[in-house]
Amino acid sequence: MINERFVRRFLILVASLGLALGGAAALGGYPATAAWIWTAATVPVVIALGVSIMRNLSAGRMGVDAIAFMAMGAALVLDQSLAAVVVAIMYTGGTVLEDYAVARAERNLKSLVDRAPRRAHRRIDQTVTDIDIRDVRVGDAILVRAGEIVPIDGLIATPAAVLDESALTGEPIPVTRQAGASARSGTLNAGDSFEITATATAEESTYAGIIRLVTAAQTAKAPFIRLADRYALLLLPLTVVIASLAWALSGDAIRGLAVLVVATPCPLILAAPVAFVAGVSQAARRGIIIKGGAPLDALAQTHTVLFDKTGTLTVGGARLIAVETAPDEDADEVLRLAASLEQASQHVVAAAIVAAGAGRGLALHMPHQVHEVMGSGLEGVVDGRKVRVGSHQLIFGARKLDEWVARALRRASWRSALSVFVSVDDRVVGALLLADELRKDTPRAVQSLRSAGVARIVMVTGDHADAAETIAAALDIDAVLSDRVPSDKVDAVAMESRMHPTLMVGDGINDAPALAAADVGVALGARGASASSEAADVVIVVDRLDRVSEAVAIARRARRIAVQSIVAGMGLSGLAMGFAAFGWLTPVAGALTQEAIDVAVILNALRALAPGWRPRREGLPGEMARALGEAHRLLEQELDKLRSISDALDDASGQRAVDLILSAHAIIEDSVVVHEREDESALYPRLTKLLTDSHGLSAMSRAHREILHQARLLARLAHGLRAEDADKYLVRDAQRIIGSIEALVRIHNAQEEDIYEAAAGT
C-alpha cells in the first residue's frame, strides 16, 4: 500500500527543489531554463492531485482540491510557471502541515499505546522469571519493580503501593493503595517494588481495553466535517464564476488565474479535521476516550443527558448505614459477629458487611460449621456461639415482630435500605441496614453539566420509585424514570432523542442497549464494564462522574474553534479573491497570501489541544487537598456513631440514656467541634486567597457557627446529667440536637469538598 503521507512529503520536496533550482537559473540569466524547471516540478503535483480527484469522484465525493488542480493547470497553460510551482508548494505544504497538526493532536493517543507493557515478572515460590504478558494467568503472583508500568490488573499483595495513575486519570499526584486494593494495568509504580495477584489476563485488563478504545478513536469524518465538504462544493462553482468574471471584465486571463490561486486550498478542508482530532486528544489527556470525530461532534450538540442510577449516580454497592440493636445490645458486637460469619460467603452483601466490620477496626474471627440458606442467609459458629445472619423471614419465621424490629424495618424503608438481621444462640440481637449511596461527586457533576450548557437532565433506573426519588431529591434532576428494564431504557432514550440531541451515561451490562441507542453513549469504564464500554461512543477510564461535563465542554470548544477557523479562513479567502479580481494581487502574491491564511487556520484549530483559558491563580496543593479529604473521611466514621446513638435513644431511659448522651457529647466535642474550629481558624483564611470568589466561604462560616451552637446546647444538656434527670422529654431533645448536628455536618462536609475541588483546580 502506498503511504500517502510519504507521497505528500515527496511532492513538497520536489516542488520546493524545483522552485529553488528554477530561481537560481532565473537569477543566472536563463529564464527559459527556469520556466522549464518550474513546470517540471509542478507536473508531478498536478498528476498526483488529478489521481486523487478521480478517486474521490469514483467514490461520489468532490472537494475544493479541484480548484488547486485548475489553478496549476491554468498557470501552466498561461505560461505562468512560477505561479504554478508556488501553488504546488502551497497545496502540498498545506497537506503536510495538516499531517503535522493531526500527528501532534494524536500524540496523546499514541503515547497511551506506545507505553503498553509487553513483559511481566512472575514469581513462583522464590524464583522470579520474565514472561510474555500474554502468558499471565489469573492468580499468578506478579512483581512490579520501581518505575515500571503495572502490566495487568491485580490485587496488591504487599502492605502498600504508590501508584502514578496520571496516564489513565490525568491526575498528576501519585496515590497510595493498601494491601488488597486494586492496581490497574497501565499505572506506574512510583514507589518501591510491590507484588500483585493477577485478577485478569492481559487481554482482559484495563489497559488492553483502553488501547482497543484508543485504536477506535481515529479521525473518521464527523457529520460536521462532511457538512464542511458540502460547503466546499458550493465554493468550487463560485470560484469559477468569480475567476471567469474577472477575466471577462478585465480582458486579462492572469486576473482569473489569481482568483483561482487565492481560493486554493480552502480552510474548510483543514480546520475541521484538525480541531476535532485536537479535541479527541485533549479529552484523552483527561481520561476520556472519544471514539472519533462523529461522537465528538454529537457531544458538542448535547441538549439532554440521561443517567443510569446504580453505579453511575450512586456508588453501585451496598454500604452499611446503620446498626439497629435490640435493647441492651452493643452495636459493635452485633456487627463483629455478623462480619465474622459473613467471611464465609461470596455474596456482595456479605462483602459489604465484612468491609464495614474491618473498617471499624473490629477483631473478626473465622467461623465454623457454616452453611448457607439459599437466598435467605447464613448460619454458623463464631467464638463458640451459634450465629445466624439473614432476612427477617429467616430469623423470625412466623413469630410476631418485636417493637424494635418494626422500627428497624420502618427506618430501612425510609432509607431505601436492605435489612439484614442477626441472631446469637437463637436470640435476635440486631439488624444491619445496608443501602446504595450517592457518589460524593454526583451533585458537583450534575451542576457542571448545567454550567456546560446542558438543558435537561433525566435519571432512568430499574429501581423502584421510592429509591429513585430518594436519590433524585438530592440532585438538580428534571425528571425521574423508575422501574425501567433495559428495553424500557432504550425506549426512553429513543423518545428523548426524537426531541433533542441526547447523551446517555451508564456503567453496567444492562446499560449497553441504551448507550448504543443514544446519540452519544458515555460509559464509566473505570470499573471494567466491558459490555457498556464496547457499546458506548465515549468511555471515561477514570472513576469520576464530573468528566462527563468535561467531555461535553471539550467537544463544544473543539466545534466552536472549528467554526471560528472556517469562518475566519473563508472570510479572508473571500477578501483575497476580491483583491485578485481587481488586479491588486498577482498569482504568486495570491498564493503566498493563501498559504498564510491556511497556516493561521491550522494554528487556530490547534487551540483545541489546550483547555480553555482561565485566570492563573495559585491552587490548593494536592497533598493538602488529600489531607482535607482524609479528615472528612475520618469524621464520617464519627458521624456514623452519632447516627447510631440517635437511633438508640428511641427506647433508652435512665442510666442507659445518660451514657448514650454523654458518648455523643464526647464525640462532638473531641471530633466535630475541633474539626470545625480548625477549619475556621487555619483553613478558611488560606482558601480565601485561592478562590476567585470567597462569598461561599462566608456561608460555610455561618454553618460552622450553627454547628458550634448546637454543640453548646448539647453540652449544656449533658452537664451534670444524672439518671433521674433523663426523662422522655430530655431524651427527645438530646436526640433532636444529635440528629441535627449529624445532618448539618454531613451537608457541610459535602459543600466543603466542592470548594476543595475548585481550589485544587482538578
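Arg 319, Glu 636, Asp 640, Arg 643, Glu 742 and Arg 746 are joined in a network of salt bridges. A salt bridge here is a side-chain nitrogen of Lys or Arg within 4 Å of a carboxyl oxygen of Asp or Glu. This is a predicted model, in which local features need pLDDT of at least 70, side-chain atom pairs count only at pLDDT 80 or more, and totals for chains, interfaces and linings use all residues. Residues are numbered from 1 along each chain as its sequence is written, and side-chain values use heavy atoms, with hydrogens and water left out.

## Salt bridges

Side chains of opposite charge can pair when their charged atoms come close. The structure holds 26 salt bridges, and three of them are set out here.

| Pair | N to O distance | Separation in sequence |
|---|---|---|
| Arg 122 and Asp 140 | 3.3 Å | 18 residues |
| Glu 324 and Arg 407 | 3.8 Å | 83 residues |
| Arg 643 and Glu 742 | 3.2 Å | 99 residues |

Where do these partners sit? Helices (H or I, at least four residues) and strands (E, at least two) are DSSP runs, numbered from the N terminus. Arg 122 belongs to strand S1 (residues 119–124), while Asp 140 is in the loop between strand S2 (127–132) and strand S3 (141–144), so their salt bridge ties together parts 18 residues apart in sequence. Glu 324 in strand S12 (residues 319–325) and Arg 407 in helix H16 (residues 403–414) link distant parts of the chain. Arg 643, a member of the network above, lies in helix H24 (residues 622–648), and Glu 742 lies in helix H27 (residues 728–760), so this pair ties together parts that are 99 residues apart.

Are these partners buried or exposed? Buried means under 20% relative accessible area, exposed over 50%, and partly exposed in between (1.4 Å probe, protein chains only). Both Arg 122 and Asp 140 are buried. Glu 324 and Arg 407 are buried too, and so are Arg 643 and Glu 742.

## Helices around H23

Helix H23 (residues 587–605) packs with H9, and their axes come within 8 Å and cross at roughly 10 degrees. That makes H9 roughly parallel to H23. On the H9 side the contact (heavy atoms within 4.5 Å) is made by Ile 254, Leu 257, Ala 258, Val 261 and Val 262, and on the H23 side by Pro 587, Gly 590, Ala 591 and Gln 594. Axes are lines fitted to C-alpha atoms, for helices over the stretch in contact, with angles running from 0 to 180 degrees between N-to-C directions. Angles under 35 degrees count as roughly parallel, over 145 as roughly antiparallel, 65 to 115 as roughly perpendicular and the rest as oblique.

H22 and H23 pack at an angle of about 170 degrees, with axes 9 Å apart. These two helices are therefore roughly antiparallel to each other. Residues making the contact include Ile 561, Gln 564 and Leu 572 of H22, with Thr 593, Gln 594 and Ile 597 among those of H23.

Val 261 is a good place to look in detail. This residue lies in helix H9 (residues 253–262) and, at 0% relative accessibility, counts as buried. Leaving aside neighbours within four places in sequence, Val 261 is in contact with Ala 71, Val 87, Met 90, Pro 587, Gly 590, Ala 591 and Gln 594. The C-alpha atoms of Val 261 and Leu 592 are separated by 9.3 Å, with their positions 331 residues apart along the chain.

Gln 282 is found in helix H10 (residues 268–285). With a relative accessible area of 6%, Gln 282 is buried. Beyond neighbours within four places in sequence, Gln 282 is in contact with Ile 554, Ala 608, Leu 609, Ala 610 and Pro 611.

## Surface and backbone

Leu 575, Phe 579, Phe 582 and Trp 584 form a nonpolar surface patch with about 490 Å² of accessible area together. Patches are made of residues with over 30% relative accessible area and no salt bridge; like charges are joined within 9 Å, nonpolar side chains (Val, Leu, Ile, Met, Phe, Trp, Tyr) within 5 Å. Accessible areas come from the Shrake-Rupley method with a 1.4 Å probe, and for residues only the protein chains shown count as cover. Phe 579 is placed in helix H22 (residues 547–581) and, at 35% relative accessibility, counts as partly exposed.

Most residues other than glycine have a negative phi. Asp 383, although not a glycine, has a positive phi of about 55 degrees. Asp 383 lies in the loop between strand S14 (377–382) and strand S15 (385–390), and is partly exposed at 38% relative accessible area. Asp 483 also has a positive phi of about 55 degrees. Its loop runs between strand S19 (479–481) and helix H19 (486–499), and Asp 483 is partly exposed at 40%.
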